[in-house]
2 protein chains.
Amino acid sequence: MSLLIIGSVAFDAIETPFGQTGKIVGGSASYISLASALFYPKVGLTAVVGEDFDFDFLERLKKQGVDTSGVQVKKGEKSFFWSGKYHLDMNSRDTLVTELNVLGDFDPIIPEGWDSPDYVMLGNLSPQVQITTLNRLKKRPKLVVMDTMNFWMEIALPELKEVLSMVDLLTINDEEARQLSGELSLVKAARVIRNLGPKYLIIKKGEHGALLFGPDDQVYFCPALPLEDVFDPTGAGDTFAGGFLGYMASTGATEFADMRKALMYGSCTASFCIEKFGTQRLEEISRADIEARMEKFHNLIAL
Amino acid sequence: MSLLIIGSVAFDAIETPFGQTGKIVGGSASYISLASALFYPKVGLTAVVGEDFDFDFLERLKKQGVDTSGVQVKKGEKSFFWSGKYHLDMNSRDTLVTELNVLGDFDPIIPEGWDSPDYVMLGNLSPQVQITTLNRLKKRPKLVVMDTMNFWMEIALPELKEVLSMVDLLTINDEEARQLSGELSLVKAARVIRNLGPKYLIIKKGEHGALLFGPDDQVYFCPALPLEDVFDPTGAGDTFAGGFLGYMASTGATEFADMRKALMYGSCTASFCIEKFGTQRLEEISRADIEARMEKFHNLIAL
């Protein structure tokens, strides 16, 4: 059993009402890897970075149990860079800078031993790279999860629809679900999106939790933990997905009923992510910290 | 055991993306009474209407088991009238008309037999009328719940603070909680508001559910049912409060642990309210309809 992750490993610069960072490590796959490695020992990462990257971060990923042999380093090139500033309510942000750099022509190489994973997470990347990744696998994984964003709906909708037809589960936020489906009601949006391919759909609503939709009109709701402060929301959605899939992989499960508890673990893991800038908090915690906090989730919804 | 409700019984004119109404019956206490009467047989209503009111509605309330002997009819005066138009997302609305009419000098008369209720719901009204109501009761009820709105924070904050110090539970929406507390984080807002008096606080988040805060940092989350369509959200918050308190009264309970299930019943009742214009849907359903839909709530959050 194994879990393969592809996505961005990059630099971010973040400004929130609580402060701002210089260049720190970010990227969808950084968060996803750290989160899933908290639950599951066999995690492999496919990504690309430039020569300027913080290679100590890759060492730390290895220590957490992540196989980084699929991380290409492009000589003479720079890592993907994103900079953003959060508004006071932390629910919205402005992108200040996006420099694609090495992501511009990313050719995902699946390292030896990783071409037949049981679980796959396609982090937010161009749909074409997501398709190429799936095409390079030797067998159909048990569960393929993908994330995407509004940007790809605008510039690569045909490719996005193609990859949607190849995956089992899409994670997307509420605004993006409405944009992709053209429906305001999330229930209707879910129906439209599931008709595009994915059997399962997770609609992420930030501080308002997440909804899971599945066959036979099944719906499950997972809350977010109400928190005193949201220090930095960057990566929370990726951490959520990583915790979710890491837990799924740890149980070997693939069905709707199994996803309920996995969602709670994802939401719990994300509640740590936002306590400090970047990946810092995720690098500090252990599975025991997550289990301790899961108590709070149970109290939050138990009748 | 008895449940006394005070609030507006009025006319509304509502425009949503699905259509618009002429003058129909509305008002906080109309929704609260109908909702609580679904759960509890001894409900009494204190309100004021003008000579123009739809008296058939009062007859229908009586048939649902509501004692309307506390509803004053002011000769030669007009009923309170509110008109509003919902935006496309149904989460926000513009008020088009507000005519106080009989509410301008409402002197709440507690009818005979209703001066020692066990449960009291102070629907959204001027804080002064809410205070007068409580002062006219002969004994302290077991549980006093109040609702309010941003309008009173702006024009009657001292009186609002006075009534807050007299009640057990406040229901308020998230935006209003932030305004009243000056805190963006709902966890912090809850702490500030509970320090103003109410031991319990319910923060209503519309389609995102509701949070209950209580002593010892207790928090409980109740989801809203994801729906295909929201036809008319008017009265959903009042219906939620009415269902909540009606269920509480039916069990005789007053503690945090008891409120969990009551919140689910409130949310379930509100999910019916929004299916048709005004009070129409609430007048059609029975407790059996609610119990049947509660299954969906359990499936929505059960692990």
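This report walks through a predicted model of two chains, A and B, from how they sit together down to a few single residues.

**How the two copies sit together**

Let's start with the pair. Turn chain B by 180°, with 0.0 Å of shift along the axis, and it superposes on chain A with an RMSD of 0.0 Å. The two copies are therefore related as by a two-fold rotation axis. If you want to find that axis from the chain B side, look for His208(B): its C-alpha is the nearest one in that chain, 3.0 Å away from the axis.

The contact between the copies takes in 23 residues of chain B and 23 residues of chain A. On the chain B side, the elements that give two or more residues are α7 (186-194), β14 (218-222), α9 (256-273) and α11 (287-301). Sort the chain B residues by character and you get 14 nonpolar, two polar and seven charged. And 100% of the interface residues of chain B are interface residues in chain A as well, so the copies meet through the same surface.

**Helix α11 of chain B at the contact**

One of the chain B elements at the contact, α11(B), is worth a stop. Its 15 residues should span 21 Å at 1.5 Å a residue, and the end C-alpha atoms are indeed 21 Å apart, so the two agree. Which of its residues are buried? They are Phe297(B), Leu300(B) and Ile301(B). The cover over these buried residues comes from both chains: it includes β14 (218-222) and α11 (287-301) of chain A, along with α9 of chain B.

**The sheet in chain B**

Now for the inside of a chain. Chain B has an open sheet of nine strands with mixed pairing, in the order β6-β5-β1-β9-β10-β11-β12-β13-β14. At the edges are β6 (66-74) and β14 of chain B, each pairing on one side only. Ignoring direction, neighbouring strands are turned by 15° against each other on average. Helix α2 (residues 55-63) of chain B packs on this sheet, where it touches β5 (43-50) and β6 of chain B, and its direction makes about 160° with that of β6(B).

Strand β9 (residues 119-122) of chain B is covered on both faces: Tyr119(B) and Met121(B) are buried on one side, Val120(B) and Leu122(B) on the other. Its two neighbours in the sheet order are β1 and β10. With strand β1 (residues 3-6) of chain B it runs parallel over four bridges, and Leu3(B) has Tyr119(B) as its bridge partner. With strand β10 (residues 143-147) of chain B the pairing is again parallel, over four bridges, and here Leu122(B) stands opposite Met146(B).

Out at the β14 end, the pairing is antiparallel: β13 (residues 210-214) of chain B and β14(B) are joined by five bridges. Leu212(B) faces Tyr220(B) across that pair.

Here are some of the strand pairs side by side.

| Strand pair | Bridges | Sense |
|---|---|---|
| β1(B) and β9(B) | four bridges | parallel |
| β9(B) and β10(B) | four bridges | parallel |
| β13(B) and β14(B) | five bridges | antiparallel |
| β10(A) and β11(A) | three bridges | parallel |

**The sheet in chain A**

In chain A, too, nine strands make an open, mixed sheet, ordered β6-β5-β1-β9-β10-β11-β12-β13-β14. β6 (66-74) and β14 of chain A each have a single partner strand, so one side of each is left without a neighbour in the sheet. Within this sheet, strand β10 (residues 143-147) of chain A is joined to β11 (residues 169-173) of chain A by three bridges, with Val145(A) opposite Leu169(A).

Helix α9(A) packs on the sheet and touches β12 (200-204), β13 (210-214) and β14 of chain A; its direction makes about 20° with that of β14(A). Is α9(A) mostly covered or mostly open? Mostly covered: 13 of its 18 residues are buried. As for length, 18 residues at 1.5 Å each should span 26 Å, and the end C-alpha atoms of α9(A) are 25 Å apart, which agrees.

**A proline in a helix**

Last stop: Pro158(A), which is found in helix α5 (residues 157-164) of chain A. Why does Pro158(A) count as exposed? Because it has 7 other C-beta atoms within 10 Å, and the cut-off for exposed is 12 or fewer. Pro127(A) is 31 residues from Pro158(A) in sequence, and their C-alpha atoms are 9.0 Å apart in space.

Terms used. Residues are numbered from 1 along each chain as its sequence is written. Chains are lettered from A and ligands numbered from 1 in the order in which they are written. This is a predicted model: local features need pLDDT of at least 70, side-chain atom pairs count only at pLDDT 80 or more; totals for chains, interfaces and linings use all residues. Two residues are in contact if their C-beta atoms, placed from the backbone, lie within 7 Å. Ala, Val, Leu, Ile, Met, Phe, Trp, Tyr, Cys and Pro count as nonpolar, Asp, Glu, Lys and Arg as charged, and the others, Gly among them, as polar. Two strands pair if DSSP finds at least two bridges between them. Axes are lines fitted to C-alpha atoms, for helices over the stretch in contact, and angles run from 0 to 180 degrees between N-to-C directions. Copies are superposed by least squares on the C-alpha atoms of residues with pLDDT of at least 70 in both. The expected span of a helix is 1.5 Å times one less than its number of residues. A residue is buried if 20 or more other C-beta atoms lie within 10 Å of its own, exposed if 12 or fewer, and partly exposed in between; C-beta atoms are placed from the backbone.
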